[in-house]
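Thanks for making the time this morning. I would like to walk you through one model, beginning with a single strand and working outwards from there, so please have the viewer open.

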Amino acid sequence: MSHLPTRDNVRLYLKDWGRGRPVILIHGWPLSADMFDDLAMAIADSGMRAVAYDRRGFGRSDQPWSGYDYDTLADDLADVIAYVQSNEVTILGFSMGGGEVARYMSRHTGAHVAQAILVGSVVPYLLKDDTNPNGVDASVFADIERNIRTDRAAFWASFFPNFYGTGSGEPLVSREVIDWSCRIAMTASLKATLACAESFSTTDFRPDLTSFRVPTLFIHGASDQIVPIDLTSRTAAAAVPGSRLIVYEDGTHGLLASHKERLISDVLSFLKG
């Protein structure tokens with residue numbers, strides 16, 4: 001099966017590799033399931049089942065006008081979990097995908113989930129307000145929206161070097177990886193790109209964290225220029241009892257490419273543990 005229909009008849013493109021206990025992979029903004037290919041192969045080669053899907057509006061999935069709020073996106077994840085037919089599912093969310101993990105755990109009571117992994121995640125809350133004084137100012141997200149609307153292709157060309165870059169701004173991946181990421185980003189609909197940016201920048205996942213009752217791993221780069229670790233994974237890991245946080249001291253946001261071998265090793269160790 002290459003496409004899975006959701007409860008509201010949106011077709012999600014998915015890759016289903018290997019056999020065994022399923023690991024569902026939820027990609028970040030503005031990429032697609034392709035970002036997980038190396039990790040998915042390693043999971044399948046290790047005797048498990050890797051299922052990665054394109055979020056609605058992105059990659060090869062349908063591009064509806066609506067449904068980019070986290071309640072709907074968590075329902076999409078619930079439909080993928082129903083598809084794998086297992087009570088021992090691991091869900092792994094990267095960046096924006098961490099929000100789907102958190103909202104699924106609360107909205108669907110973590111049904112069928114045995115483990116959770118959040119990599120470079122936006123959880124628990126990015127936006128600066130009276131309850132989150134150290135958050136990101138709304139003007140930053142307004143600038144992102146304006147630049148995307150003005151020249152989306154040019155925006156990606158400047159965005160992805162920071163996505164894969166260290167604190168010094170030097171990317172830790174090849175120019176070809178950056179170009180490939182730009183091409184993937186352009187396959188998403190403009191509507192989905194903007195609506196999902198609004199969702200991950202404004203959704204407060206702090207109430208969702210109380211729903212995590214399974215072994216949970218956070219992985220984050222200390223030099224992440226896109227999603228600051230102190231605002232996100234350090235805070236989230238402290239709020240989830242028994243969770244573990246692995247910090248890559250020289251880590252970027254795009255850890256799946258910049259720190260591929262280490263990330264694969266850490267994820268497999270957690271899955272097998």
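Let me start with β4, where five of the five residues are buried, so the strand is largely enclosed by the rest of the structure. By buried I mean under 20% relative accessible area, with exposed being over 50% and partly exposed in between, using a 1.4 Å probe and protein chains only. Helices and strands here are DSSP runs numbered from the N terminus, with H or I over at least four residues for a helix and E over at least two for a strand.

Before going further, a word on provenance: this is a predicted model, in which local features need pLDDT of at least 70 and side-chain atom pairs count only at pLDDT 80 or more, whereas totals for chains, interfaces and linings use all residues. Residues are numbered from 1 along each chain as its sequence is written, and side-chain values use heavy atoms, with hydrogens and water left out.

Coming back to β4, both of its faces are covered, with R49, V51 and Y53 buried on one side and A50 and A52 buried on the other. Which strands pair with β4, where pairing requires that DSSP finds at least two bridges between two strands? Strand β2, residues 11-18, runs antiparallel to β4 and is joined to it by five bridges, while β3, residues 22-26, runs parallel to β4 and is likewise joined by five bridges. If you centre on A50, you will find W17 opposite it, and V23 also stands opposite A50.

Following the chain out of β4 (49-53), we reach R55, in the loop that leads to α2 (70-84). Is this arginine, R55, buried or exposed? R55 counts as buried because its relative accessibility is 2%. Leaving aside residues up to four places away in sequence, and taking a contact as heavy atoms within 4.5 Å, R55 touches a set of residues including L12, I26, H27, W29, E100 and C196.

One of those contacts of R55, namely W29, takes us to the backbone geometry, since W29 and P30 are joined by a cis peptide bond with omega of about 5°. P30 is found in the loop between β3 and α1 (37-45). A second cis peptide bond joins V123 and P124, with omega of about 15°, and P124 has its place in the loop between β6 (113-119) and α4 (138-163). As background, most residues other than glycine have a negative phi, and most peptide bonds are trans.

On the phi side, Q85 has a positive value near 55°, sits in the loop between α2 and β5 (89-94), and counts as exposed because its relative accessibility is 72%. H112, in the loop between α3 (97-107) and β6, has a positive phi near 70° and is partly exposed, with a relative accessible area of 38%.

Finally, the overall picture: the protein has nine helices and eight strands. Its radius of gyration, taken over C-alpha atoms, is 17 Å, close to the 19 Å that the globule rule (2.2 Å times the number of residues to the power 0.38) gives for 273 residues, so the protein is as compact as a globular protein of that length. The C-alpha trace spans about 45 × 40 × 35 Å along its principal axes, and buried residues make up 59% of the 273 residues.

Methods: Two strands pair if DSSP finds at least two bridges between them.
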